[in-house]
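Hi,

Here is the structure I said I would pass on. Have a look at it first, and then read on for what turned up.

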Amino acid sequence: MAAHVAKRLHQALEQAAVLGLATGRTMEPVYAALRQRLTALPPRQLALLLGHWRSFNLDEYVGLAKDDPQSFAGFMQRQLAGPLQLPGGCLQIPDGCAPDPEAEARRYSAAVMAAGGIDLQLLGLGSNGHVGFNEPPCSAAELCRCLALSPATREQNAASFGGDPAAVPERAITLGTAEILAARRVLLVVTGAAKAQILRRALQEPPCPEVPASWLQHHPQLEVVVDQDAAAALEFS
Ligand code: GLP
């Protein structure tokens, strides 16, 4: 599964696509497979590919600096930017320490637009149905913004903060459902039995604000990559 997603990302990079990137445990094997794939390339080919790299991450915690290991910027540095020696600036991420997070969200949205939008958006799925940090309830027309994280999300992400949900930042900046749905292609990656029911609701129940990922049903170029555990509740006719 990770190898398949890595192949998709590699193909997109070969086409100099603008990537939308995600964080979370689901992406760790994906990025490991991508690193493995890319570092196996002949050096000149790799240099050419990395020279075209343009990506925008979905989200960042408010209050965490780029060099904070618990920030999503830190995650991306460990997973991709560091190992691949990506030049600074080609891997974009909202600034969690911007003095005005709302203004930072507007700046970030404008930067995505200025790049021509996202060609391939990689997405994980939150246990409460969020994508990026678009917490329920959420319409399909939300733009990049600063918002409060739900107790469910702070619980889900507590493992990265010593297991304490109270240590998870209270707010985040996230690309909105509008920017995500505007991506030319979307790749939703879901693993594990804990996501089986929310994945079924996202894909096989009518779209609704209570499950933000369900708006993806409206996307004309959605690919869903799942493992057997996550797919367990899906019904195939
Ligand atoms: C996080 C991120 C999402 C991610 C999701 C799933 O909170 N904001 O972008 O896709 O939750 O995370 P995980 O893969 O760790 O289950």
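Before the ligand contacts, one term: a polar contact here is a pair of N or O atoms within 3.5 Å. Also keep in mind that this is a predicted model.

Let's start with the ligand. T26 makes one such contact, with a polar side-chain atom 2.5 Å from an oxygen atom of the ligand. Q156 also uses its side chain: an N or O atom there is 3.2 Å from a ligand oxygen atom. With G132 it is the backbone that takes part, as one of its N or O atoms lies 3.1 Å from a nitrogen atom of the ligand. How much of the ligand does the protein bury? Taken alone, the ligand exposes 390 Å², and the protein buries 96% of that.

If you want to see who sits around the ligand, there are 13 residues, and R25, T26, D59, N157 and K195 come nearest. By type, this shell divides into eight polar, three charged and two nonpolar residues. As for where the ligand sits, the space it takes is the largest pocket.

Next, the sheet. Six strands form an open sheet with parallel pairing, and reading across it you get the order β4-β2-β1-β5-β8-β9. Which strands are at the edges? Those are β4 (91-92) and β9 (222-226), each of which pairs on one side only. The partner of β9 is β8 (residues 185-190), and the two run in the parallel sense over five bridges. To find one of the bridge pairs on screen, pick V190 and look for its partner V226 in β9.

Finally, two spots in the backbone are worth a click. As background, most residues other than glycine have a negative phi, and most peptide bonds are trans.

- P136 and P137 are joined by a cis peptide bond, with omega about -5°. You'll find P137 in the loop between β5 (120-123) and β6 (145-148).
- A16 has a positive phi, near 55°, although A16 is not a glycine. Look for A16 in the loop between α1 (2-14) and β1 (18-21).

If you only have a minute, go to the ligand and bring up T26, Q156 and G132, whose contacts are at 2.5 Å, 3.2 Å and 3.1 Å.

Cheers

Methods
Residues are numbered from 1 along each chain as its sequence is written. This is a predicted model: local features need pLDDT of at least 70, side-chain atom pairs count only at pLDDT 80 or more; totals for chains, interfaces and linings use all residues. Side-chain values use heavy atoms; hydrogens and water are left out. A residue is near a molecule or strand if one of its heavy atoms lies within 4 Å of it. A polar contact is a pair of N or O atoms within 3.5 Å; within protein, one must be able to donate a hydrogen and the other to accept it, and residues adjacent in sequence count only if both atoms are side-chain atoms. Accessible areas come from the Shrake-Rupley method with a 1.4 Å probe; for residues, only the protein chains shown count as cover. On a 1 Å grid over the protein atoms alone, a cavity is a set of points where a 1.4 Å probe fits but cannot get out, and a pocket is an open set with protein on both sides within 12 Å along at least five of seven lines; lining residues have an atom within 4 Å of a point. A molecule sits in a cavity or pocket if more than half of its atoms lie within 2 Å of its grid points. Ala, Val, Leu, Ile, Met, Phe, Trp, Tyr, Cys and Pro count as nonpolar, Asp, Glu, Lys and Arg as charged, and the others, Gly among them, as polar. Two strands pair if DSSP finds at least two bridges between them. Helices (H or I, at least four residues) and strands (E, at least two) are DSSP runs, numbered from the N terminus.
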